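Colleague: I'm new to reading protein models, and I'd love to walk through one with you. Could we look at it together?

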Amino acid sequence: MSLLADLRAALGDAAVLEGEAMGAKSSSDMSLTGTSPPRALLRPRTTEEVATALRLCNAAGVPVIAQGGMTGLAGGANPTGSEIAISLELIRGIEEVDTASATMVVKAGTPLEDCQRAAADAGLFLALDLGSRGSCTVGGNLSTNAGGIRVIRYGMAREQVLGLEAVLADGTVISSMNRMLKNNAGYDLKHLFIGSEGTLGLITRAVLRLHPPPGEITTMLCAVESYDHVVALLRRAQGTLGGIVAFEAMWRDYFQFNADALKLRFFEADHPFWVIIESTMAAGAIEAFLAAALEEGLIADALIAQSHAQSRQIWSVRDGHPIEALPNLLNFDVSLPIGAIGDYAVACTAALKQRWPEAHVSFYGHVGDSNVHICVSTLYRPGEDMHSVDDIVYGVLGRYHGSISAEHGIGTLKRPYLHLSRSPAELALMRTLKQALDPRGILNPGKVV
Ligand SMILES: Cc1cc2nc3c(=O)[nH]c(=O)nc-3n(C[C@H](O)[C@H](O)[C@H](O)COP(=O)(O)OP(=O)(O)OC[C@H]3O[C@@H](n4cnc5c(N)ncnc54)[C@H](O)[C@@H]3O)c2cc1C
């Protein structure tokens, strides 16, 4: 294949891997749905090398997939066998932390955790935080517009970006490394690449916003009697408590399963909903807030974590590792108007149990961000496949005008359902953009649109 010879000549032998040298990681992201290794794996070290690789692949009409930390959960970085994968992991490092403008210039392959640490070392705070922080890369975070647990206070990945450098399919480098909060000089091009999952260009560098450190965070666990009370608690906490940095709800089946498996018991009584609230307010204000919420019946019980260890115990139930061991577990990441999430959970559970009465269906998530995760474990009958679960979960979601992806992206897994969340006109505009930026369709084909 002369393309690989050209790539070797341009990037060096060490940057072009084939066969077993590519390692298993390039075959599948953490959705574990990848079925094939890529045709070859490129490991460029600079933006210029990415540009050269794309120019050569585009000229040859060979499809390309960007790969970051491979922690994605939607199959977005998975090859089908015909593509050349470009790993951004060697394009890593923090170029600058500017404390005056509270910004960080970072290369796309840098693990998120390294950026968080560098910000903290400079006395600042990078607000993006996900469970995969040690392995995911900034490029992957931005291309999926990742969410995480601090969205309620700071917004999604998109809100943390001031500037971006990306390489187009033909190798053109778009350097839009803005460092200013206000810049209305024409179209804000960075948004083309944020959330487009490597289908419009490869992100190579970014300017990230930093914040003052939030201060001491207090973790509370509240027992709540209904979904309406969860929503009322959210609004009350936002209105009176201030400084909320997390608001996570867990439905009984999710909480109980994980707490039992982890042998953790926080209260004597069982309750239908459990809410974790984190706030930076002083202890007195937090106690007063909980006392008032208890008196008004917004919560049935509450505890304030007395140590980091107890806070971690509470979060371990939310992180839900025990539930991952259930057979045939499928995870969904959807969003709905906050007031509709409770009814959706009831309708979705009923529809799934009508088909599979033995199914284990549980809900948890970033309810304050209108985002809920669904865990479905069931035993399939002969001839059934997992798409029958997708059909029900997304079918019911359509009735509530929800979105099939809150934060994990579309990738391959949700592509057949995109029409449930986007109108024909929106889909047509997405295709127009794709055609304009990538006329030969080489960037991550088969993903998103
Ligand atoms: C334990 C765990 C917890 C998680 N928690 C969350 C969470 O709370 N919120 C959340 O949103 N996600 C979460 N995720 C999902 C995942 O970590 C995020 O989607 C993450 O942003 C992906 O980063 P990555 O570097 O691993 O990207 P990859 O998985 O390598 O790629 C993801 C997508 O981005 C594209 N891509 C990668 N790098 C680039 C680049 N430089 N330029 C252009 N396109 C690129 C790929 O082609 C693919 O489409 C979690 C995953 C795990 C395993």
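Modeller: Happy to, and keep in mind that this is a predicted model. Let's begin with a helix that lies across some strands: helix H2, residues 47–60, lies across E7, E8 and E9.

Colleague: At about what angle does H2 run to E7?

Modeller: Find H2 at residues 47–60 and look at the strands it lies across, E7, E8 and E9. Now compare the direction of the helix with that of E7. The angle between H2 and E7 is about 45 degrees.

Colleague: What is the order of the strands in the open sheet of five strands?

Modeller: Let's build the order from its pairs. Strand E5 (residues 94–98) is joined to E6 by four bridges, and E6 is joined to strand E9 (residues 202–209) by five bridges. Strand E7 (residues 161–167) pairs with strand E8 (residues 173–176) over four bridges. With antiparallel pairing, the full order is E5-E6-E9-E7-E8.

Colleague: Which strands stand at the edges of that sheet?

Modeller: An edge strand here has a single partner strand, so one side of it is left without a neighbour in the sheet. On average, neighbouring strands of this sheet are turned by 10 degrees against each other, direction ignored. The edge strands are E5 and E8.

Colleague: Which residue is the bridge partner of Glu 96 in E6?

Modeller: Strands E5 and E6 run antiparallel, and they form a hairpin with four residues between the strands. In that hairpin, Ala 102 takes a positive phi near 55 degrees. Across the bridges, the partner of Glu 96 is Val 105.

Colleague: How many of the five residues of E6 are buried?

Modeller: Strand E6 covers residues 103–107 and is mostly covered. To count as buried, a residue needs a relative accessible area under 20%. The number of buried residues in E6 is four.

Colleague: Which residue in the turn between E7 and E8 has a positive phi?

Modeller: First, look at how the two strands line up: Ala 166 stands opposite Ile 174 in E8, and Glu 165 stands opposite Ser 175. The strands form a hairpin with five residues between them. In the turn, the residue with a positive phi, of about 95 degrees, is Gly 171.

Colleague: Is Asn 141 buried or exposed?

Modeller: Asn 141 lies in helix H4, residues 138–143. Leaving aside neighbours within four places in sequence, its contacts include Leu 112, Leu 128 and Ala 157. Its relative accessibility is 3%, and the cut-off is under 20%, so Asn 141 counts as buried.

Colleague: Which helix gives the most to the lining of the second largest cavity?

Modeller: That cavity holds about 40 Å³ of space. Among its lining residues are Val 138, Asn 141 and Leu 142, and by class the lining has six nonpolar, two polar and no charged residues. The helix giving the most, with three residues, is H4.

Colleague: What is the volume of the largest cavity?

Modeller: The structure holds two cavities of 30 Å³ or more. Helix H8 (residues 252–261) gives the most to the lining of the largest one, with three residues. Its volume is about 60 Å³.

Colleague: How many charged residues are in the lining of the largest cavity?

Modeller: Among the residues lining this cavity are Phe 255, Arg 265, Asp 270 and Trp 274. By class, there are seven nonpolar residues and one polar residue. The number of charged residues is two.

Colleague: Which strands stand at the edges of the open sheet of seven strands?

Modeller: Read along the order E13-E10-E12-E11-E15-E16-E14, where the pairing is antiparallel. The strands at the edges have a single partner strand each, so one side of each is left without a neighbour in the sheet. They are E13 (301–304) and E14 (330–335).

Colleague: Which residue in E13 is the bridge partner of Met 220?

Modeller: Strand E10, residues 218–224, pairs with E13 in the antiparallel sense. Four bridges make up this pairing. In E13, the partner of Met 220 is Ile 304.

Note on methods
Residues are numbered from 1 along each chain as its sequence is written. This is a predicted model: local features need pLDDT of at least 70, side-chain atom pairs count only at pLDDT 80 or more; totals for chains, interfaces and linings use all residues. Side-chain values use heavy atoms; hydrogens and water are left out. Buried means under 20% relative accessible area, exposed over 50%, partly exposed in between (1.4 Å probe, protein chains only). Contact means heavy atoms within 4.5 Å. Two strands pair if DSSP finds at least two bridges between them. On a 1 Å grid over the protein atoms alone, a cavity is a set of points where a 1.4 Å probe fits but cannot get out, and a pocket is an open set with protein on both sides within 12 Å along at least five of seven lines; lining residues have an atom within 4 Å of a point. Grid points are joined across faces, edges and corners, and a volume is the space filled by probe spheres set on the points. Ala, Val, Leu, Ile, Met, Phe, Trp, Tyr, Cys and Pro count as nonpolar, Asp, Glu, Lys and Arg as charged, and the others, Gly among them, as polar. Axes are lines fitted to C-alpha atoms, for helices over the stretch in contact, and angles run from 0 to 180 degrees between N-to-C directions.
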